[in-house]
Amino acid sequence: MNLIRFNRTPFYPGWINENNFLNQNSDNQNIPAVNIREEEKNFVLELAAPGLKKEDFKINIEKNLLTISSEVKTDNEEKTENYTRKEFSFNSFSRSFKLSENIMFDDISAKYKDGILKVNLPKNVDAKISKEIKIA
């Protein structure tokens, strides 16, 4: 018995990436890129989200989970004598990050400028992040 490979695009194999062309609603299509930088006294999280306003973002912390999300709805309606045209769009994303226990949650701040959301996560330099456990 021979195995036969199934090819969805028999005429142009390799020309069409099935994941991007046929499945327009891929999961990571609207997720902005993130850089995380560690400095001496804090972590800096930079999220690239051009075209948004600072009012479009929500930043929540629950337990040790930082969640950054955005929801933008737009409606454009044009009316003339003979026709009506209405276009709408909806874009959203959500990114979550597990935070270390040595982050000072009360001092977290965020700033949005030039399409980059910067979240400052100050470290508690006095907190012990490692501990030796003695066996009894």
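# Exercises on a predicted two-sheet chain

The chain has an average pLDDT of 79, and 74% of the residues score at least 70, where pLDDT is the predictor's confidence in each residue, from 0 to 100. This is a predicted model, in which local features need pLDDT of at least 70 and side-chain atom pairs count only at pLDDT 80 or more, while totals for chains, interfaces and linings use all residues. Residues are numbered from 1 along each chain as its sequence is written, and side-chain values use heavy atoms, with hydrogens and water left out.

## Exercise 1: the chain as a whole

Task: describe the secondary structure of the chain, its burial, and the stretch where pLDDT stays under 50.

Solution. Step one is the inventory: the chain has one helix and seven strands, these being DSSP runs numbered from the N terminus (helices H or I, at least four residues; strands E, at least two). Along the sequence they follow the pattern α-β-β-β-β-β-β-β.

Step two concerns burial and surface. Among the 136 residues, 21% count as buried, with buried meaning under 20% relative accessible area, exposed over 50%, and partly exposed in between (1.4 Å probe, protein chains only). The exposed surface of the chain is about 12,000 Å², of which carbon and sulfur atoms supply 48%; accessible areas come from the Shrake-Rupley method with a 1.4 Å probe, and for residues only the protein chains shown count as cover.

Step three turns to contacts, meaning heavy atoms within 4.5 Å. Of the contacts with a separation of 6 or more, 49% are between residues 24 or more positions apart. Over residues 11-28 pLDDT stays under 50, and for this stretch the model has eight contacts beyond four places in sequence.

## Exercise 2: the three-stranded sheet

Task: determine the strand order of the open sheet of three strands, and explain why β3 and β5 each have one side without a neighbour in the sheet.

Solution. The order is β3-β4-β5, with antiparallel pairing; two strands count as paired if DSSP finds at least two bridges between them. Because β3 (57-62) and β5 (84-98) stand at the edges and each has a single partner strand, one side of each is left without a neighbour in the sheet. From one strand to the next the twist averages 15°, using axes that are lines fitted to C-alpha atoms (for helices over the stretch in contact) and angles that run from 0 to 180 degrees between N-to-C directions.

The pairing can then be followed residue by residue. β3 and β4 (residues 65-79) run antiparallel and are joined by six bridges, with Glu 62 bridged to Leu 65 and Ile 61 standing opposite Leu 66. The hairpin of these strands has two residues between them, and Lys 63 takes a positive phi near 55°.

## Exercise 3: the four-stranded sheet

Task: establish the order of the open sheet formed by four strands, and trace how β7 pairs with β2 and with β6.

Solution. The strands are ordered β1-β2-β7-β6, with antiparallel pairing, and the edge strands β1 (34-38) and β6 (109-113) each pair on one side only. Neighbouring strands here are turned by 15° against each other on average, direction ignored.

Seven bridges link β2 and β7; Leu 45 stands opposite Val 119, and Glu 46 has Lys 118 as its bridge partner. On the β6 side, β7 is paired over five bridges, among them one between Ala 110 and Val 119. β6 and β7 form a hairpin with two residues between them, in which Asp 114 has a positive phi of about 55°.

## Exercise 4: the core and an exposed residue

Task: identify which residues touch the most other members of the largest nonpolar core, and decide whether Ile 36 is buried or exposed.

Solution. A nonpolar core is a set of buried Ala, Val, Leu, Ile, Met, Phe, Trp, Tyr and Cys residues joined through side-chain atoms within 4.5 Å. The largest has 14 residues, of which Leu 47, Phe 57, Leu 66, Ile 68, Leu 117 and Val 119 touch the most other members. The elements giving two or more residues are β2 (42-48), β4, β5 and β7 (116-122), and β7 gives the most, with three residues. Not counting residues up to four places away in sequence, Ile 68 touches residues including Leu 45, Phe 57, Phe 93 and Val 119.

Ile 36, in strand β1, is exposed, with a relative accessible area of 56%. Beyond four places in sequence, Ile 36 touches Val 44, Leu 45 and Phe 97.
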